[in-house]
Amino acid sequence: MEVVGQIKCLKNIYDLLALCCEVTMLYTDYDYNSGGPLKYTGELQDVFSQYDVECKKGYKKHAFEHLKKGIEEFLGREANVDRLFAIALVIDDRIEPRLAERSGTGEEFIEYEGLNRQYTDQVLVTPKKVNSFFDEVQSRKDENGYAPFREPRESSIEDIDYQIKNYSVRYKKSFEEHPVRFFRASRDSLLYSHFSGHMQLSIGMVPLTHVHIKDIFEIECENGNFEIHGMKSSPKEDLNKRYERTWEGLAGRTLDCLILPEMLMTEEILECLRSSPGPEAYLTVNGSVWKNCTNYSILTDVNGKEIFHYFKKALFKYKKDGKEYLEHLYSKKNKGYTVLEIENFGRIGIAICKDLLKPDVRTMYKRLNINLLFVPAYSPSMDMHSEACELAEQLGCVVIMVNSCGAMEKKGGEIGYVCMPAKQGNERSSLMKKISCGACEANCRNGCSGVFLELYFDKMVLHEDKLSFGIRNELLDAGRETQNEN
């Protein structure tokens, strides 16, 4: 085992963890449940205790050099896979995952794929989760010592993940098939100062238009597929005006999140909205843009600056003359995932429309421990209820879907829903609040007034027989306000 010689070249503690995991992975028949590493963890406590002390004094570089010497001695006595995995277990137990952050730099985000700098062609190590509003809720036990919800079920792809509790370890096959890029809000950022520790969420859901995409876009259907080639001239002007009127109607509103439906955004419209008076939304999910056989959603901050974009993975079915045509999307661009991290609030992701129907998408978001999932949609049938409930029940994730009125085949359809974790008796469950098209329809010509929700993570409410977060919805119709509070 030629591991000892590589120890000298390591740059940080996460490189050591990556090396131990990579070599362990080579033993394909290794039994992670054997208990073999546990007989060695005691030998490592002294050297890691010394590392902790020196790091607290600010001597991190010296501390790691000293740690490497202790690890070399430990492996020098007998280098085997149990000893290597013992090192990984002790790191997992004693070293909190942290990103290097320099204060005062003005950096809004720290962008990363892994904490390790070395061995990144074979293994990526990331924090398994970040502290979230869900963790804060779970910490508030009742008089009998029970948390409000059942604990999330762990979802792992690699066997090693069931043993490593604080880190996620992804091997080459996994991160090549489904690459993930994280955007961590820095402590100097406006997003961090606004959301960190935030226990309420104000949400604007804007279905935007009742016009069908066939009347807006130039859609080419051929060989069972369809592509969008720009907008028709008159509908383009109408859509631009609708955005302008909608933005004017929302001016002065302060929201945590604003969500628009799928397909009805263009880069040109988005650029115009950046310079137009409108709502003060700290996060905006700008529906999605269809361009060059890609369908992607752009997440922007309160200043209209892009944080990241996410590419759709599931194909939309478009009906024309009694035939169905599948959305033509380039698969190479659709593999990746992007995640916004805000410490003490959680991880935020996007799925576009029927992405939720894909098992691999749900598996990835479970593995990424997503706390808040935005779903801009354009769908005549909201057949993703069970999938949203699955994420809420098993992960404790809040799923917020926004649909376009133009997608509906009949009046009164759903323009969105919120799905939240719940507990029914002692069993894990979910709570879905559906929002139907109706009361706002009369005001549609004047721009979309939308639906506004308040979620109260710090207020547990019994909704009939299910315990979940408090929720208040507000539906505006030409100045007339109706409210429903639970």
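**Close-ups of a predicted model**

**View 1. A pocket and the residues around it.** The second largest pocket holds about 340 Å³ of space. It has 16 lining residues, and those closest to its centre are F316, K317, K319, P380 and E409. Strand 13 (residues 317-320) gives the most to this pocket's lining, with three residues. Here a pocket is found on a 1 Å grid over the protein atoms alone: it is an open set of points with protein on both sides within 12 Å along at least five of seven lines, and lining residues have an atom within 4 Å of a point. Points are joined across faces, edges and corners, and a volume is the space filled by probe spheres set on them. Residues are numbered from 1 along each chain as its sequence is written, and side-chain values use heavy atoms, leaving out hydrogens and water. This is a predicted model, in which local features need pLDDT of at least 70 and side-chain atom pairs count only at pLDDT 80 or more, while totals for chains, interfaces and linings use all residues.

**View 2. The largest cavity.** How many cavities of 30 Å³ or more are there? The count comes to two. A cavity is a set of grid points where a 1.4 Å probe fits but cannot get out. The largest one has a volume of about 90 Å³, and among its lining residues are E113, R347 and M364. Strand 2, strand 3, strand 4 (180-185) and helix 11 (359-367) each supply at least two lining residues, but strand 2 gives the most, with three.

**View 3. Strand 2 and its neighbour.** Strand 2 (residues 123-127) is mostly covered, with five of its five residues buried (under 20% relative accessible area with a 1.4 Å probe, protein chains only). Strand 2 runs antiparallel to strand 3 (residues 167-171), and five bridges join the two; strands pair if DSSP finds at least two bridges between them. One of these links has V123 facing its bridge partner Y171 in strand 3.

**View 4. Helix 3, with a bend.** Helices are DSSP runs (H or I) of at least four residues and strands are E runs of at least two, numbered from the N terminus. At 1.5 Å a residue, the 19 residues of helix 3 (residues 38-56) should span 27 Å, and its end C-alpha atoms are indeed 27 Å apart. Helix 3 bends by about 40° at L44, and L44 is one of its buried residues, as are Y40 and F48. The buried residues of helix 3 pack against helix 2 (13-26), helix 4 (60-77) and helix 5 (81-94).

Terms used. The expected span of a helix is 1.5 Å times one less than its number of residues. The bend at a residue is the angle between axes fitted to the seven residues ending there and the seven starting there. Buried means under 20% relative accessible area, exposed over 50%, partly exposed in between (1.4 Å probe, protein chains only). Contact means heavy atoms within 4.5 Å.
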